[in-house]
Structures are given as C-alpha cells and as structure tokens.
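These are my notebook entries on a single chain. I record what I looked up, item by item.

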Amino acid sequence: MKPLNNNGDFFKSQTFIKLLLFFFISVTFFYLGQHYSSTNNNQSLIFFTSKQSPFKFTVSLSPNFNKQFNISYLINDTVSETPPVDAKNSPNLSPKKSAPPESVAPPPPPAVQRMGVIDENGVMSDNFEVGEVGEGAVEDWGSENMTESVEGESDGGGKFSVKKFGVCEMSKRDYIPCLDNVDAIRKLESTEKGEKFERHCPEKDQGLNCLVPLPKGYRTPIPWPRSRDEVWFSNVPHARLAEDKGGQNWITVDKDKFKFPGGGTQFIHGADKYLDQISEMLPEIEFGRRTRVALDVGCGVASFGAYLMSRNVLTMSVAPKDVHENQIQFALERGVPAMVAAFATHRLLYPSQAFELIHCSRCRINWTRDDGILLLEINRMLRGGGYFAWAAQPVYKHEPLLEQQWEEMVNLTTRLCWNLVKKEGYIAIWQKPTNNNCYLEREPGTQPPLCETNDDPDNVWYVNLKACITRLPETGYGVNVTTWPARLQNPPDRIQSIQIDAYISRKELFKAESKYWNEIIESYVRALHWKNFKLRNVLDMKAGFGGFAAALIDNKLDCWVMNVVPISGSNTLPVIYDRGLLGVMHDWCEPFDTYPRTYDLLHANGLFSVEKKRCNVSTIMLEMDRILRPGGHVYIRDTLAVMDELQAVGNAIGWHVTLRETSEGPHAMMDKACWSLFDNADYFEVCGDKEVQVRMLCIKGGTVEVYKHLIDFPAFSKYQANV
C-alpha cells in the first residue's frame with residue numbers, strides 16, 4: 001500500500017471521506033432509534049445479550065404490539081379503492097381527524113356467513129383455550145357439554161367466542177345419529193317394511209354437538225390378524241349376542257375377551273369349510289381372482305367376510321341395527337369391512353353391478369315379498385354374470401311352508417332370468433345373466449318389468465326401491481371387468497359413463513390419480529413410518545377413482561379402505577368397484593352409518609373446501625371424531641383458505657394438530673389429477689392449469705415431515721428439485 005505524506009493529503013483522501021460519512025450515518029440511526037423507542041411505550045427491540053445465560057433470552061416485542069389493524073377491506077373489498085379507516089383503532093391516524101366526506105365513503109361490506117368459529121370478517125384466530133379430551137376427561141366431565149366459553153380477537157380486530165366441546169352423556173357411547181333418532185322413528189306412519197331401521201337423521205342444528213365418550217376400561221384394539229379371532233370385551237361391552245348365539249359358534253366370552261370361532265348359523269363347522277364347500281360346488285367362482293368383491297347380507301359378526309379376506313376377497317358385511325344391534329360393531333372391532341344397512345324401502349348406498357358375489361345365510365329377509373322388490377335390489381347390485389348364494393331352511397328342509405317358500409323363490413328367480421347353477425346341502429347358488437337378451441324374450445306382461453331406460457341404477461341417495469329389473473348396459477360396461485389383481489390398475493370401461501368434466505382422456509386421469517397417490521403413500525411409508533401405525537380400518541372421505549386405496553395396496557399396507565364418494569361431486573363409485581375396491585355414497589353434511597370408534601385413519605383430500613359451502617365445518621369434524629378410534633389419525637389435504645378453521649376446530653375438539661405444507665408447496669400447479677414430488681424424489685412431474693393452494697393437516701397423533709417448494713411448473717415438465 002502506498003504510504004500517506006504529511007501534506008494533509010489524508011484529509012482529502014477517499015478513505016477519510018468514507019469514514020466521515022459512516023460516522024454521520026451511524027449517529028443519525030442511533031438518534032432515530034432512540035427517538036422511536038421512547039415514543040412507543042418504551043417497548044424497545046431487545047434481541048440477545050451476552051450477559052444472559054444461553055438458556056435465558058429476551059423475546060423481542062414488536063412496536064405494533066397490542067395495536068389493532070382492520071385489513072379486511074384489503075382482502076374482501078374488491079370494488080372500492082379507498083378503504084374506510086377505524087380512527088379509534090388505527091395507529092397511524094389520530095382520532096381527532098375528520099372522517100372522509102360521505103360522498104366518497106364506500107358502502108359497508110356485505111355480511112359474511114359464519115362458518116364455525118370465525119368473526120364477521122371471516123378471519124380465524126388460535127387465541128383460545130382447549131380442554132383435555134381422553135379417558136380421564138370422560139370420567140371428570142360426565143355429561144357436561146359446551147360449558148365454557150373463551151373470547152378471542154382475530155388478526156383483523158374482530159371478536160369471536162369459542163366454546164370447547166364437552167363430552168356427551170355415557171348413554172351415547174355407541175350412538176349412531178341417523179339410526180338412533182328415537183323421536184323421528186316414533187313419528188313414522190308405518191314400520192312394517194323395516195322403515196325404523198333406515199336413516200332418520202336429526203334436523204339441522206339438532207345433531208351431535210359433543211364428544212362421544214369411551215366405554216369404561218376402553219383399550220387399544222387388538223391388531224389384525226389377531227383381531228379376527230379375539231377382541232377386548234371392554235371395547236364392545238355387549239354380551240347379548242354371545243348369549244343368543246353361543247350355541248351357533250358365532251361368538252363366546254372368554255375372561256376379558258370376546259372370541260370368534262368362525263362359525264355361523266348355517267356353517268356350524270366354520271367359515272373356512274363353508275367357503276371350501278362353495279368353491280367345490282362352483283369352481284368357476286374363483287375366489288380372489290374372478291370374485292374379488294362380495295356382499296354379505298345379514299352378516300352376524302362377519303365371519304364370512306373375515307375368512308374371505310385370506311382368499312383375497314373384500315366383503316361388505318351389512319346388517320341392520322336390530323335386536324342384535326352390535327353385530328356390525330363387533331365386525332368393525334375385528335377389522336372387517338362392515339356397515340349398518342337394512343333392506344327396507346330405499347336402495348342401499350352401493351352402485352349397480354358392484355358385487356361379483358352376494359351371500360345370504362339365514363339373513364331373515366323375505367325375498368319374495370312385494371313382487372320381489374328386495375331381490376330386485378340384489379339384482380341391481382349384482383354384477384352381470386355374478387352369483388347369489390342363499391343358505392336358508394327353504395333350501396334343504398322339507399316342510400310344507402318351507403317348500404312353498406322355495407317354490408316362490410324359484411319362480412321369482414326364473415322371471416329374473418337367473419340360472420340355478422347349483423343346489424347342494426344348505427346352499428343354493430344362482431347366476432345373473434350377462435346381457436338383456438333373456439329379459440327381452442320373456443312373455444309380454446311378465447312381472448317384474450324392466451326398468452325405464454331413463455332410470456339411473458347408480459342413483460342411490462334416498463332413492464326408493466323400484467319393483468323393476470335393472471337393465472344391463474348394452475355396451476357391456478360392468479360385465480367385462482378384468483380379473484384380480486390386474487383390475488386394480490386397469491382403467492375400467494365403465495369410466496366412460498361417469499359424468500365428469502374431463503378435458504383430457506378419462507383413462508389418463510385415472511392413471512394420473514393412481515400415480516399421484518402412489519408417490520404420496522410411498523413417502524408416508526418411508527418418512528412417516530405408516531407401517532408402524534398398525535392401520536386396519538381406513539376411510540377415504542372423498543375417494544375419486546379410489547387411487548388412495550389402491551396405493552395402500554401397492555405399498556403392502558395390511559388394511560382395507562371404505563371409499564366414500566360424496567353426493568356433492570361426480571359419482572365415481574362404479575369405477576371404484578370395477579377396480580376391486582369397496583365404497584359407498586354419502587353426504588358429509590349428515591352423519592355416517594357406522595358405530596363410534598370405527599376407523600384407524602380418516603383421509604380427506606379437497607373435501608372441506610367443497611362441503612363448507614353446504615354445511616358447517618365443525619359438524620363434519622365432530623362426526624369424524626365420533627367414528628375415529630382413540631389414538632387414530634386424520635390426514636386432511638385442502639386449500640389454505642380452510643386450513644385455519646380446520647386447525648382451530650380440531651384444537652377445540654381436543655385433537656393434537658400439526659399443520660404443515662405439503663412438498664409441492666402452498667401454490668403448486670395442480671388440477672383434478674396431477675403428478676407431484678413427495679419427500680426426496682429427484683424431480684417434479686405436474687400437470688393441469690389451475691392454481692390451488694394445498695396444505696396437510698395431521699391430527700390425533702403422528703407428525704408430518706414436509707418440504708416446501710414455491711415454484712410454478714409448466715404442465716408435464718420435469719425439474720430438478722432442491723429438497
């Protein structure tokens with residue numbers, strides 16, 4: 001470096017000028033900082049100090065602490081350019097200043113409908129108290145309900161009041177709202193056709209507003225496959241079924257457990273030998289290959305379906321909540337697919353051509369009543385070429401009354417064009433035709449008639465039974481499904497009949513959804529250790545084509561999925577059954593037809609942003625809490641617009657809530673079905689042209705490892721991702 005001389009050049013040098021400017025700037029900022037600190041209630045900005053212990057530090061306070069800002073007009077008002085200002089609460093304007101002239105003041109904002117615990121601006125806040133919910137809390141709270149109110153203040157300055165949810169009275173521990181509505185059942189004009197066993201939901205605002213309590217001594221359920229053979233007595237403390245059916249090998253009580261020997265009224269030697277008998281009678285039934293999805297009517301404790309699972313067959317076990325009201329509860333506690341349902345006056349909530357096998361073993365149903373209307377419902381749900389197996393006394397007993405019942409059954413099935421393919425021992429098996437030729441060749445006037453051509457056999461929500469024969473599609477859709485397991489990933493032909501607004505090939509959408517969920521589940525298994533969750537009963541609340549359930553199978557998770565198709569969207573239920581999965585139609589603004597403590601995992605993708613336009617979010621989440629097992633998991637993926645509300649209601653219910661962004665980021669480019677990266681994959685694959693905001697809510701245990709990406713991707717492009 002060149003040395004300085006003594007002729008005063010230093011004071012003229014650039015180095016001296018820079019030092020001088022730095023000094024003046026430092027002094028200026030020092031006095032400005034001191035001025036503003038002294039004028040803001042002495043709330044100085046303190047960060048860290050070396051004099052403090054490394055475990056004790058001062059948290060900085062914002063100068064805007066305890067001040068209120070109303071920014072709702074910046075969010076909600078898209079018309080006026082000059083938002084009104086609250087002079088009292090604004091930190092920038094003095095209250096003494098005059099308001100703007102009335103001629104330029106904008107009109108007041110429209111009233112916003114309240115959805116759950118939000119203020120008039122639609123703003124959520126987590127500033128409220130949450131009570132404990134658990135086994136101990138049940139004993140402490142008893143029947144208290146919504147007893148404590150906590151006031152809070154939203155970010156926009158609005159006030160709201162949150163009431164924590166109390167625990168219901170103990171009498172509601174097995175409560176099913178739409179099936180235990182005593183007041184509605186009493187008002188029925190008739191119950192002779194089983195109307196009292198059907199859905200009668202509470203009126204709006206009269207539904208469940210508390211947390212269903214646990215039975216005393218409730219224990220973590222025994223995991224599958226042990227649960228097939230035994231469950232804890234304290235979890236389903238109802239011994240009547242064991243007393244009534246003890247001699248029929250259904251269920252027994254052994255100390256602190258119920259045991260299930262695998263028997264039934266008509267298969268006293270056990271379900272396994274009974275299934276062997278059916279296979280020997282009819283080898284072409286091919287359990288687990290040609291026959292993949294079955295329906296067991298009047299299932300008892302569902303041993304038929306429980307033992308079919310080892311043969312790769314999924315069985316929907318159904319029974320009414322009658323004198324043996326807890327049989328479905330036992331089935332679900334065992335880990336077997338089941339729902340409360342009754343053959344009465346309405347269609348069951350399953351699509352046409354859903355089941356390759358429908359089974360009835362002493363199900364106490366008069367199939368020939370009312371011109372065979374109940375067997376016609378079986379015919380609607382039975383796949384073309386599928387089988388109906390009937391094990392009942394009229395099949396094998398030779399008594400006048402029973403022989404008459406058998407003759408009536410044979411007469412009816414003949415008019416339905418069913419073929420009696422085998423009758424042996426206790427069992428008779430019929431096969432449904434694969435086309436309409438036989439129906440069209442019947443004598444004119446033969447009863448029952450064919451249904452009208454405009455009848456939609458997949459329309460099932462509160463639809464009355466019809467005394468007509470459901471036509472099979474002339475295209476062969478539903479009949480020509482492939483065998484299992486190929487059908488799981490092959491887009492079925494019936495996808496072409498689904499009413500969806502698809503701008504590309506439907507089969508490509510099907511494959512895209514499958515790829516999308518398979519990558520997500522792979523990441524959950526790897527990062528979140530889903531195989532350690534011991535999942536068994538899973539419910540997908542907005543199933544689409546069933547891609548989530550298929551991904552669980554592909555990733556070898558030993559569980560079954562109830563795929564729910566909401567009535568607010570397209571009816572994709574036929575596709576779900578065609579690929580060899582189970583599902584049901586439902587309206588999430590009403591309670592679900594299952595017992596409390598049914599499912600280990602509830603999954604909802606894009607559900608709340610749709611349903612909150614129709615019903616209260618807290619109502620749906622209370623229903624989710626009712627059907628979720630203690631310690632179970634809820635995974636919700638939805639828009640940012642609803643996440644704050646979901647998180648707040650979850651906390652009010654007593655869930656342990658973790659909110660994280662999904663790996664595709666809060667502003668990922670996605671549409672109805674897209675590919676995406678999760679966890680440590682090497683690239684993104686995305687599609688679609690609609691921007692949505694996505695997050696995930698993990699509730700009731702478990703944590704979510706998520707990676708954030710704020711990148712917009714053109715459709716069908718690959719990018720290296722820096723995770």
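**Entry 1: a proline in a loop**

I began with P449, which counts as partly exposed because its relative accessibility is 33%. The model is a predicted one, and I keep that in mind for each entry. I located P449 in the loop between α12 (437-440) and α13 (506-527). Which residues is P449 in contact with, leaving aside its neighbours within four places in sequence? I found R442, A467, C468 and I469. For I469 I also looked up the backbone: the C-alpha atoms of P449 and I469 are separated by 6.1 Å, with the two positions 20 residues apart along the chain counted as their distance apart.

**Entry 2: cis peptide bonds**

I then turned to omega. Most peptide bonds are trans. The bond from Q447 to P448 is cis, with omega near -5°, and P448 has its place in the loop between α12 and α13. The bond from W484 to P485 is also cis, with omega near 10°. I placed P485 in the loop between α12 and α13.

**Entry 3: positive phi**

Next I looked up phi. Most residues other than glycine have a negative phi. R364 has a positive phi, near 60°, and is not a glycine. I found R364 in the loop between β9 and α9 (369-381). Is R364 buried or exposed? R364 is exposed, because its relative accessible area is 63%.

D370 has a positive phi of about 50°, although D370 is not a glycine. I placed D370 in helix α9. With a relative accessible area of 36%, D370 is partly exposed.

K556 follows α14 and has a positive phi, near 60°. This led me to the helix itself.

**Entry 4: helix α14**

How many residues of α14 (residues 547-554) are buried? I noted 6 of its 8 residues, and the helix is mostly covered. The buried ones are G547, F548, A549, A550, A551 and L552. I then asked what covers the buried residues of α14. The cover includes α13, β13 (537-540), β14 (560-566) and β16 (599-605).

**Entry 5: strand β9**

I looked up why strand β9 (residues 355-361) is largely enclosed by the rest of the structure. The reason is that 7 of its 7 residues are buried, where buried means under 20% relative accessible area. For its partners, I recorded strand β6 (residues 293-297), which pairs with β9 in the parallel sense over 4 bridges. In that connection, L295 stands opposite I358 in β9. I also recorded strand β10 (residues 382-391), which pairs with β9 in the parallel sense over 6 bridges. S361 stands opposite A391 in β10.

**Entry 6: nonpolar cores**

I went on to the interior. The largest nonpolar core has 142 residues. Which of its residues touch the most other members? They are Y350, W367, F388, W530 and F608. I followed Y350 further, not counting residues up to four places away in sequence. Y350 touches M316, V318, M339, A341, F355, R380, M381, V460, L573, Y577, G583 and V584. A second, separate core has 10 residues, among them V231, V236, A242 and F258.

**Entry 7: a nonpolar patch on the surface**

I then looked at the outside. I17, L21, I25 and F29 make a nonpolar surface patch of about 420 Å². F29 is found in helix α1 (residues 14-38). An α-helix has 3.6 residues a turn, so residues three or four places apart point the same way. I also looked up the accessibility of F29: F29 counts as exposed because the relative value is 59%, and exposed means over 50%.

**Entry 8: the chain as a whole**

Last, I noted the totals. The chain has 18 helices and 21 strands. Buried residues make up 50% of its 723 residues. The accessible surface of the chain comes to about 35800 Å², and carbon and sulfur atoms account for 51% of that surface. Of the contacts in the chain with a separation of 6 or more, 69% are between residues 24 or more positions apart.

Technical notes:
Residues are numbered from 1 along each chain as its sequence is written. This is a predicted model: local features need pLDDT of at least 70, side-chain atom pairs count only at pLDDT 80 or more; totals for chains, interfaces and linings use all residues. Side-chain values use heavy atoms; hydrogens and water are left out. Patches are made of residues with over 30% relative accessible area and no salt bridge: like charges are joined within 9 Å, nonpolar side chains (Val, Leu, Ile, Met, Phe, Trp, Tyr) within 5 Å. Accessible areas come from the Shrake-Rupley method with a 1.4 Å probe; for residues, only the protein chains shown count as cover. A salt bridge is a side-chain nitrogen of Lys or Arg within 4 Å of a carboxyl oxygen of Asp or Glu. Helices (H or I, at least four residues) and strands (E, at least two) are DSSP runs, numbered from the N terminus. Buried means under 20% relative accessible area, exposed over 50%, partly exposed in between (1.4 Å probe, protein chains only). A nonpolar core is a set of buried Ala, Val, Leu, Ile, Met, Phe, Trp, Tyr and Cys residues joined through side-chain atoms within 4.5 Å. Contact means heavy atoms within 4.5 Å. Two strands pair if DSSP finds at least two bridges between them.
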